[in-house]
Amino acid sequence: MIKNVLARSRYLILIAVAGAFLAATALLIYGGIEVIILIKQTVSYGEVSQKGAKALALAFIEMVDLFLLGTVFYIVALGLYELFIDDTLTLPHWLEIHDLDGLKNKLVGVVIVVLAVTFLGQVVTWDGVRDLFGFGAGIAMVIAALTWFLGSKGKKGGGAGQAGG
């Protein structure tokens, strides 16, 4: 009986899948609406200036950040569903997830891109006063650590696969 309960308990992950999918959907729809509103405001305002161009570029960078966060939640939803419920989803090869390490690797990759976009947003709006070097160095260290994490996971997995094959 306990074996059956434990085997079926994997369906509890559907709560996380639904939550992550709803979060992804909300972020992507919200981002799409924001882009449309931003374009309408830009066209209706009609003034072209260097300051306006910087503000517009920053707004679009923030939209990309929002879309990337939506993508993270979407990948989490798909990955958890594939891992715990049904691994026969029809997905592009690059989005297939076969183990928890695969899900972590995909997430780390997107987190690195989000950090880079965040830094880009700070660079675009830099006023010459704030310490961008410290901020950039902090982000660079996090990206370096995540890259090392990905590399060390690949070496461990590759070594085990070569020894066994």
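How many helices and strands does the chain have? It has five helices and zero strands, so the pattern read along the sequence is simply α-α-α-α-α. Keep in mind that this is a predicted model. One residue to look at here is Glu82, which is buried yet has no salt bridge.

**Overall shape**
- The chain has a radius of gyration of 21 Å, whereas a compact globule of 165 residues would come in near 15 Å.
- Lay the C-alpha trace along its principal axes and the chain spans about 70 × 35 × 25 Å.

**Contacts and surface**
- Take the contacts between residues at least 6 apart in sequence: 68% of them join residues at least 24 apart.
- Buried residues account for 25% of the 165 residues in the chain.
- The chain's accessible surface adds up to about 11,100 Å², and carbon and sulfur atoms own 71% of that.

**Glu82 and its surroundings**
- Glu82 sits in helix α3, which covers residues 50-84.
- For Glu82, the nearest side chain of opposite charge is Lys106, and that is 7.8 Å away. A salt bridge has to be within 4 Å, so this pair doesn't qualify.
- What the Glu82 side chain does have is a polar atom 3.3 Å from the backbone nitrogen of Ile97.
- Ile97 also turns up among the residues in contact with Glu82 once neighbours within four places in sequence are left aside. The others on that list are Asp87, Leu89, Leu91, Leu95 and Glu96.

Note on methods:
Residues are numbered from 1 along each chain as its sequence is written. This is a predicted model: local features need pLDDT of at least 70, side-chain atom pairs count only at pLDDT 80 or more; totals for chains, interfaces and linings use all residues. Side-chain values use heavy atoms; hydrogens and water are left out. Helices (H or I, at least four residues) and strands (E, at least two) are DSSP runs, numbered from the N terminus. Buried means under 20% relative accessible area, exposed over 50%, partly exposed in between (1.4 Å probe, protein chains only). Lys and Arg count as positive and Asp and Glu as negative; His and the chain ends are not counted. A polar contact is a pair of N or O atoms within 3.5 Å; within protein, one must be able to donate a hydrogen and the other to accept it, and residues adjacent in sequence count only if both atoms are side-chain atoms. Contact means heavy atoms within 4.5 Å. The radius of gyration is taken over C-alpha atoms; the globule rule is 2.2 Å times the number of residues to the power 0.38. Accessible areas come from the Shrake-Rupley method with a 1.4 Å probe; for residues, only the protein chains shown count as cover.
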